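Please open the model in a viewer and keep the sequence panel beside it. The tour below proceeds by selection, one stop after another.

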Amino acid sequence: MSRIARAPLWRRYLRFIRPDAAADVDDELEFHLTMRVERNIALGMSPDDARRDALVRFGDVQRVRQELVEHDHRQHVSTQRVEFMSACLHDIRFGLRSLRRAPGLTIGVVLTLALGLGVNMAMFSFLDVVFLRPPAGVREPAHVRRVWTEIQFRSGAQFWSGFSYPQYAAIKSALGSNVATALYRSPVETHFGRAEQERRIRASYTPASYFDLLGIRPAIGRFYSTDEDRPGAGSPVAVASHAFWQQQLGGDASALGRELFLAGRLYTLIGVAAEGFTGVELDAADLWIPLASEPRRGATAWWRNHNVNGFQILLRPNENEGPADPALEQRIVAGLRTPEALVRPADTANVVRVGSIIRAQGPGNQAQEVKIATRLAGVTSIVLVIACANVINLLLARAVRRRREIAVRLAIGVSRQRLARLLFTESLLLAFFAAGAAVLAAHWGGTLLRGLLLPDVRWADAASPLHWRVIALALAAGIGAGLVSGLLPVIQSLRTELTGALKAGVADGHARHSRARSALVIVQAALSVVLLVGAGLFVSSLNNIRGLRTGFDVRHVVFGDVAFDIRDSLRDARQAQTFTDLADRLRHAPGVEQVALARMAPTRGFGTIDFYPDVDTTQFRKPFATYNAVSPEFFAVTGMRVLRGQDFPRTPTGGSAMPPVVVVNEAMANAQWPGMDALGRCLRFSPVGYCYTVIGVVENALFTALLEKPQPQFYLPWDNQPAEVGRRFASLVAKARPGARDLVSNELKRAIGEAFPGGRPAVNSFEQFLEPQYRPWQLGATLFTAFGILALIVAALGIYSTVAYAVAQQTHEFGIRCAIGARTQDILRQVIAGSLRTVAIGVAVGIALAIAGGRFVAALLYGIEPGDPGVMTFVAIGLLVVATVAALGPAWRAARVDPVTALRVE
Amino acid sequence: MPVQQEPGDLLQGTLGILILKALLLGSAHGYAVSRYIEETTSDVLKIAEGSLYPALRRLEDRGWVTSEWGLSENNRRARFYTITAAGRKHLRSEAEVWLRYARAVTRVLRADPSVA
C-alpha cells in the first residue's frame, strides 16, 4: 500500500480550500483497507497476514486508485464547467430581464453605443480596404514589392511609382536573376463592344511575367506567353477577370476564343484569371492585355520612349536568397544611373524606395480623400468617447435609481462579487447588441464611405467592407466600451451602504455622483468643441476654395472636342475647318450665347512651342510656358478678365485681317518681363520670325487643378497662328445662356457626333470638370460638420440629463427656497449658471485641445490657420448657447417646484 | 477505463445490481457494501473488492446512486452511498430480468434427464 502512504500529508488539507480528487480517493480506499485489516485481526490473524489478506481481496490497488482519481477529476471539471455556464446563463437571463424592464434606457444606450461604434467601424472598414488589405488572390503578397522613386514635381519632391520602359529594363538587369520583376499599367477605362452595346470597362496592360510573379493561375484557358508579348509584335489576345467573365461573357468555357472589340481593335479571349483576382490596384481590372499590344504613341515607340513613364514595377525577391529592401534599393539606383535609363543628367541623384504591394502603404502622396479619412478616424474615435461618456451617464443615473434594489440583494446575502458580475453582464449585453448593430453599420457605412471618399474607384466584388478584422474590432471595441461604460456605475452601485440605501428615498443625492457626472459633461463639452472647431475650419476652407477665381464662368462654360480610336491623317487635316464651320453654326443654336474656338479645350491638354522674347534671356530665365490658340470670342466666352491692354480684335471676316498679336496671362508677364510692362513686348516663334506684339494681359486661369502655382500661358490668335504651330488641333468652347447649359451640352454632343462620324464627342461643362476638385474639401466639411453636430447633440443630451438629475436631487432644497420667497428668475439663474460653469470648463479644455490638435489637420486646410480665433469664438459661444438651452427645461422645472409637494416627498 | 472481467467472473453489470441491492437497506460505505455481498453470497462470487469502487462511480454517473462524506460507525471519515429513486427503479427492472433468466435456465437444467 506504498503509494497511498506516500501521498504527502499537506495535500489532505487542500480539500478545505478546493476539492482534491486524489486525497478523497486515498481516504476512501484507505478506510476500506483499514476496516478489512481490523476485521481480519479480530478474526485472529496476525497483523501482517491481516494486511496481506486485505490487499489480496482488494486486487490491484494502484490501478483502481488511478481510475478513480481520473474519474473524479473529470467529474469535477465538468461539474465546474456546467456550474459556470449555468451561472453565466443565469446572469444573461437576469440581465435581459432587467434590460427589458427599462426599455427606454436599453434603447438609448444601445443606440448611442451603436452610433459611436458604427461610425468607427465604417471608417475602419474603409481604412482596412485601403491600407491593410493586400490585393485578393495574390500568392504571398507580403513578398511582392512595389518600386518608388523620388521625382521633382513643380509642387515639390514626391515619391512616384511610374517608370519608363527603358528604366524598367535597366532595373531588371540590375536586379539579376534572383528577383522576379514585372510591370503593368494601372487599369484604364476603355470602350468595349460595338455601337449601341458599347460600354466602359477597365483594361490593364500587363506583360506575360505579371501573372507569374503574382502567383495567379487561370481559372480556365491560359495566360499569354512571352512570345505573344514582344514589344512591337504583341498578339491581340486578352485575359478576363473571373467576375467580368461571369457577368459580361456568359461565364462558361465557350467564351474562350471569343472576339472582343476593344477601343476599335479586336482581341481574342484566351483565358480567365482565378476567381477573386482583379489586379493589384483598388480599381478592379476587367481585362488584361499584353503590354506589347499597347499602341505606340507619337514618333518613338513607348518601349524606347523615356517620356512614356506610367509603368508600375513589381518585384518578388527569391524567398531565401533574395536581397532585402535596402539592397534592392541600392541596386535599383545603380540600374537607374546606367546610360540607357538616364533621361536627364540632372536625375542622377535618384532616391528609390521599395514598399508594400498595398499602394497606400507606400511612400507616395496619399489622395486628399484618404488623408481626410485618416483624420476622420480620429474624429470617429472622439465620437465613440463621447458616446461612452453618455452611456456612463445613463448607467450612473440608473445605478442611483437601483440603489435600493441592490441594497436588498446585498442584504439577502448576494455577494458583491456576484452582483458585480450581474451588473457587468448587463453592460456587456448592451455593448454586444451595440456591436451587432455596429457590424451592420460597418457594412452599410463602409460602402457609403467608399462611395463618398473614392467615387472613381471601381471596387472589386470581393472587396466587401466587412472583413474579419472589422468584425473582430467591432466586437472588441464593443466589449471594451461595455466594460469601460459599466465600470464606474458598477463601482458606484457596490459602494452602496446597506442601511442608508434601504432607509432613504431615491432623491437623496451623493456629491460623488454629481462630481462624476460633471466630469463627464466636461469631457463631452471639450470633445464637442474639438470636433466643432474641426468642422468650422473645414467649412471655412471649403468657402475659401469655392471663392477662388478659376478664370472661367464655371456655371455656363461647356467645352467639347472629339476623339478617335484610330488615327486618320486626312480627317485630322480637315478637323480644324470642320470645327470652325461648327462654331459658326452653333452660334445660332438655342440656348447658346457665344461660341469660341480653341486649339485645346481648357484643362484638356496644353501645347508648347519654342518662343523668343525680346529681352535678354540670359538675364531673365525663360519660363516654361504653354500656349493656346483661340478665336477672339474666347475671353468673353470663358469670362477671363483682361487686366491690362485688350484682347483680340473682332475682325468681321477673320482671316488675314488679324494682326500678329498675342495675349499673355499674368504669370507669364511676371515671369518673362519682371518689373516691366509686358504690353508692347515681342514674342517670336523663330529667331527671325514675325514679332507677335503683346496687346493684353489676362488673369491667370486654372490650368489643371484648383491649387497650383500659376502657370505661365500665352494666347495666339486663331486666325493668325505662326507657321511653327504645326498641325492645327481644334475644340469648341461655348457659353450657355442661364439655365441652358444641359441643352447646350447635348447640342454640342449631337453636332460634333454628326460632323465626325465614327468619332467620340467629348463634351463637358466646366462645372463637371471642377466639381471633383472641390470634392475633398466638400467631404472634409460635410463629414466634420456631421460628426460635430452628432457630438453636439450627444453632449447636449448629457448636459440635459445631468442638470435634470441635479434638479431632481435638489427638489427639497428648491421647495424650501420657494417657500421662503425665492423668485423664479433667481432659481433659473442659479441652475443655468451652475450648468454653464461646468460647460465653460469643458469649452476651455476643448479649445486648448483643438489648438494642440490643429497641426494634424493643418495640411488639409486652405486659407485658414488651425488656431483661427473667429472659429474658436464662434464654437465657444455656440456651445454655451446650446448648454443654456439644454439646461433651460430642467431649470424651469426647478423654478416651478411647488413647496408643499416638495416638502411632502420625504 | 473498463474494469477487466476475468473469465467466469460476474457478467457485465451484475456487480451494479448487487451493489444497488446492498444499498436498498440504507446508505452504506464501500466496505459495508462489500461485506454485505460477501455475507449474502457466502463469499461464493469472490469479487475483487477493488472493483466495487469503479462500479460505484459508474452507478453515480448514471444517477442511480449519490454519495457524500460522513462518519462511519467507528468515527472514521468515510464516503457513504445512497440509492436514488431512479436506482430503485433500475434495480427492480434488472432484478426481474435476472430472475426470469435464472428460472428459465434452472427449468432447462432440471428437465428430464436432470443434470442436478
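Select Ala28 of chain B: it stands opposite Tyr81(B), a residue of E3(B). Strands such as this one (E, at least two residues) and helices (H or I, at least four residues) are DSSP runs, numbered from the N terminus. The model is a predicted one, in which local features need pLDDT of at least 70 and side-chain atom pairs count only at pLDDT 80 or more, while totals for chains, interfaces and linings use all residues. Residues are numbered from 1 along each chain as its sequence is written, with chains lettered from A and ligands numbered from 1 in the order in which they are written.

Next, extend the selection to the strands on either side of that pair. E1(B) and strand E3 (residues 77-83) of chain B run antiparallel and are joined by 2 bridges; two strands pair if DSSP finds at least two bridges between them. The open sheet of chain B has 3 strands in the order E1-E3-E2, with antiparallel pairing. Strand E1 (28-29) and strand E2 (65-71) of chain B are at the edges with a single partner strand each, so one side of each has no neighbour in the sheet.

Now add helix H1 (residues 14-23) of chain B. This helix packs on the sheet and touches E1, E2 and E3 of chain B, a contact being two residues whose C-beta atoms, placed from the backbone, lie within 7 Å. The direction of H1(B) makes about 100 degrees with that of E3(B); axes are lines fitted to C-alpha atoms, for helices over the stretch in contact, and angles run from 0 to 180 degrees between N-to-C directions.

Display the whole of chain B. Its 4 helices and 3 strands follow the pattern α-β-α-α-β-β-α along the sequence. Of its 116 residues, 27% are buried, that is, have 20 or more other C-beta atoms, placed from the backbone, within 10 Å of their own.

Move to helix H4 (residues 85-110) of chain B. Its end C-alpha atoms are 37 Å apart, in agreement with the 38 Å expected for 26 residues at 1.5 Å a residue, where the span is 1.5 Å times one less than the number of residues. Only 2 of the 26 residues of H4(B) are buried, so the helix lies largely in the open.

Finally, show both chains. The contact takes 15 residues from each of chain A and chain B. On the side of chain A that touches chain B, helix H3 (21-42), helix H4 (47-58) and helix H5 (61-101) of chain A each supply at least two residues, and H3(A) gives the most, with 6 residues.

Notes. A residue is buried if 20 or more other C-beta atoms lie within 10 Å of its own, exposed if 12 or fewer, and partly exposed in between; C-beta atoms are placed from the backbone.
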